[in-house]
Amino acid sequence: MHDAATANLAAAYDVTAWQAILNAHEIPPRRTQASGWIDVRARLVWERDGEEYLETAAFAWTSRLVLVGCTARKILLGDADQCIYTFRVRDGVRVERITDAAAAAGAENTLVLPDVSHRDPSGVIPGVARAIQRRDFYSDAITEAINQRRFEVRLGIPLADEVEAVSATVQALRADGLGVAVFTHHNDMLAALSDGLDEAGINHEIAGLSDALAAALDAQVAMLRFAFNEAEWRDVLQELAVFVTSSVRGTAIPPLAKDIMAGNGATTLQARLLDVWSELDEAPDVETALATAARAHAALGLPAKSSAWEHAAQLLGSIRARAVRRNTRLGDERALVAAIAASAREATVSALTDLAGEPHAVELMNLYQTKGREADATVVVLRDSDFMGSEREPYPNTSRLLYVVFSRARQRIVVLLVGDARRLPGAVAPLATIFSAAPQ
């Protein structure tokens, strides 16, 4: 990026200006498995140590912005406070990468932006996020937010009432005209929460799906469509190969994916594929076909990402239930297949591009999928059974994660503590006592 663009970048502090700068320079497209390339201009891409990294900088605003290695077409942006993907310690996006990059770039290539937020210029919500990151749960910033009714913590919600509590909270916020994002630490709760919101008549979407989960959705939908002669078997094989490719690191296509596509390799694999083909071909209805698709990961003996496959099956179950409730042509299995495929496709396209056509008024997502997102109001669901690692005070990784999660709101934050507050993980336990120190 040339000097003029760098100067503009330093001055720009609104979405329109940033997007104009990004669109004026070619951004390397994002490769998405074997299905081709999707040009995502909202993302910045960089490479280090042979690994490609992506940053949703056009949407995620930072207070400490690092520019490293400014070349004709590439720029590295980093914020130590937003390095929350630390589950792969050796290769993940870690604070040390940002620190090392800033040191290598020198002061002239580092921009320090004002510690303000485009989401909430009043500074109330950013103040809450900063206080929680510092683990100052009884700060004046949090007290002010509570007194303004912009921050609330609700205790004593039994696990059995979790879905009902979330639905009621979302309904109340929507009645106030607010868009809502629901964040939960458990992927397994997304499908149940989706069902609950749908039964309450709340239009919503599950956002931020991982590439492997999106590929699993595509593969299972292909199986469903094949069962009703809406797709060819080669389409199923291709989506299976894409899923296998998404399940491993690196740039090479795995041998297993090639064997699936080519119809060769181990005779055991071919026999298992034939069994799945037969079950799908004989499936009498949508429910049976989806059940066969849900078992396919185990039936084929695929080596990785079984949790993504299981989660995709859960989501398709919710999508099917929603389609049944909304389908006016009861008993028309083909219409049901089309409705399920359309809903699943919307979810996967949004996941792979981060560019949904029109954002839904209500979104559900995992805590780790909140980065780069925002909403008028956020509902943060925390359970007493949540596992947040084995850190000790000051919980550096979890504190950064909480900072990102609590900075997503424009107007209000509601925290729902599910289960026994005395058993909450240490990193979030102070939230259970936060109101006792604040004047009402």
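**Exercise 1. Strand S8 and its partners**

Find the bridge partner of Thr-184 in S10 of this predicted model. Then place S8 among its neighbouring strands and state how its side chains are covered.

*Solution.*
1. Start at Thr-184. Its bridge partner in S10 is Asn-366.
2. Widen the view to the whole strand pair. S8 and S10 (residues 362–366) are joined by 5 bridges and run parallel.
3. Turn to S11 (residues 375–383). S8 is joined to S11 by 5 bridges, and these two strands run parallel as well. Here Val-182 has Val-379 opposite.
4. Sort the side chains of S8. Val-180, Val-182 and Thr-184 point one way. Ala-181 and Phe-183 point the other way.
5. Check the cover. S8 spans residues 180–184, and 5 of its 5 residues are buried.

**Exercise 2. Aromatic pairs**

How many aromatic pairs are there? Classify the pair of Phe-151 and Phe-406, and explain what it ties together.

*Solution.*
1. The count is 4 aromatic pairs.
2. Take Phe-151 and Phe-406. Their ring centres lie 6.1 Å apart, with 75° between the planes. Planes over 60 degrees apart count as edge-to-face, so this pair is edge-to-face.
3. Locate the rings. Phe-151 lies in strand S7 (residues 151–157) and Phe-406 in helix H15 (residues 396–406). The pair therefore ties together parts 255 residues apart in sequence.
4. Test burial against the cut-off of under 20%. Phe-151 has a relative accessible area of 2%, so Phe-151 is buried. Phe-406 is at 0%, so Phe-406 is buried too.
5. Repeat for Phe-243 and Trp-309. The centres are 5.0 Å apart and the planes stand at 70°, so this pair is also edge-to-face.
6. Phe-243 belongs to helix H9 (residues 233–246) and Trp-309 to helix H13 (residues 306–326), so the pair links parts 66 residues apart in sequence. Both residues are buried.
7. Finish with the cluster. Ring pairs link Phe-226, Trp-233 and Trp-277.

**Exercise 3. Packing of H4 on H15**

Describe how helix H4 packs against H15, and sort the contact residues by character.

*Solution.*
1. Two numbers describe a helix pair: the angle between the axes and the distance between them.
2. For H4 (residues 124–133) and H15, the angle is about 170° and the axes are 8 Å apart.
3. Angles over 145 degrees count as roughly antiparallel, so H4 is roughly antiparallel to H15.
4. List the contact. H4 contributes Ile-125, Val-128, Ala-129, Arg-130, Ile-132 and Gln-133. H15 contributes Ser-399, Arg-400, Leu-402, Tyr-403 and Phe-406.
5. Sort these residues. The contact has 7 nonpolar, 2 polar and 2 charged residues.
6. Link back to Exercise 2. Phe-406 of H15 takes part in this contact and also pairs with Phe-151.

Terms used:
Residues numbered from 1 in each chain as written. Predicted model: local features only at pLDDT ≥ 70, side-chain atom pairs only at ≥ 80, totals over all residues. Heavy atoms only, no water. Buried < 20%, exposed > 50% of the residue type's maximum accessible area, 1.4 Å probe, protein only. Helix = DSSP H or I, 4+ residues; strand = E, 2+ residues; numbered from the N terminus. Pairing = 2+ DSSP bridges. Phe/Tyr/Trp six-rings, centres within 6.5 Å; stacked < 30°, edge-to-face > 60°. Axes fitted to C-alpha atoms, helices over the stretch in contact; angles between N-to-C directions. Parallel < 35°, antiparallel > 145°, perpendicular 65-115°, else oblique. Contact = heavy atoms within 4.5 Å. Nonpolar A, V, L, I, M, F, W, Y, C, P; charged D, E, K, R; others polar.
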